[in-house]
Amino acid sequence: MRPTQLATVIVVFIVLCFALGCDMPAAAATHDEVWDAICQVESGGDPTAHNMVNGEDARGIAQITPIFIVDINRILGEKRYVHDDAWDVDKSRAMFDIYNAHYHPLGGPERIARCWQGGPKAHKK
């Protein structure tokens, strides 16, 4: 199975779980698989993707916004990242890992996906 096919399967699984209101087991998908799925959903896997809809200015493979950068730097307690870092796949992944470690260190794939899409409290919605 190609990586894009696997990402599609994971995304479909996550969406079905949301629709059915079930909670996915923590071992359902690895952190890397969730990252790959998010990148497919957000940008189609394109590190040069840029979304200016509604002035959002979402950039890169994970469609990182300016407010996300502010939050990451707040978590770190220093201004380590700037919005242009969103174009760098490795830095985007590092920010993804920082965000997840801060907001839901024990969260499974569903929580990671919900929080990435809807913010730190999205898993409660």
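Begin by selecting Asp71 and Arg74: both residues belong to helix 3 (residues 66-76), where they stand three residues apart, about one turn of the helix. The model on display is a predicted one. An α-helix has 3.6 residues a turn, so residues three or four places apart point the same way. With the side chains shown, Asp71 and Arg74 are seen to form a salt bridge, their closest N and O atoms lying 2.7 Å apart. The two partners fall into separate accessibility classes, because Asp71 has a relative accessible area of 15% and is buried, while Arg74, at 49%, counts as partly exposed. The cut-offs behind these labels are under 20% for buried and over 50% for exposed.

Next, select Asp57 and Arg59. Their side chains meet in a salt bridge, with an N to O distance of 3.1 Å. Is Arg59 buried or exposed? Arg59 counts as buried, because its relative accessibility is 15%. Asp57 is likewise classed as buried, at 14% relative accessibility.

Move on to Asp85 and Lys91. Here the side chains meet in a salt bridge of 3.2 Å, N to O. Asp85 counts as buried at 11% relative accessibility, whereas Lys91 is partly exposed, with a relative accessible area of 36%. From this pair, extend the selection to Asp32, Arg93 and Asp97, which salt bridges with shared partners join into one network. Side chains of opposite charge can pair when their charged atoms come close. How many salt bridges does the count come to? Under the distance rule applied here, the count comes to seven salt bridges.

Now turn to the loop between helix 1 (3-20) and helix 2 (31-43), and select Thr30, which lies in that loop. Thr30 is partly exposed, its relative accessible area being 43%. Add Pro109 to the selection and draw the C-alpha to C-alpha distance: Thr30 and Pro109 are 7.4 Å apart in space, although 79 residues apart in sequence.

Pro109 leads to the last stop, helix 5 (residues 109-118). Which residues of helix 5 are buried? They are Pro109, Glu110, Ile112, Ala113, Cys115 and Trp116. Colouring these residues separately from the rest of helix 5 will display the buried set. Finally, step past the end of the helix to Gly119, which follows helix 5 and has a positive phi, near 100°.

Methods:
Residues numbered from 1 in each chain as written. Predicted model: local features only at pLDDT ≥ 70, side-chain atom pairs only at ≥ 80, totals over all residues. Heavy atoms only, no water. Buried < 20%, exposed > 50% of the residue type's maximum accessible area, 1.4 Å probe, protein only. Helix = DSSP H or I, 4+ residues; strand = E, 2+ residues; numbered from the N terminus. Salt bridge = Lys/Arg side-chain N within 4 Å of Asp/Glu carboxyl O.
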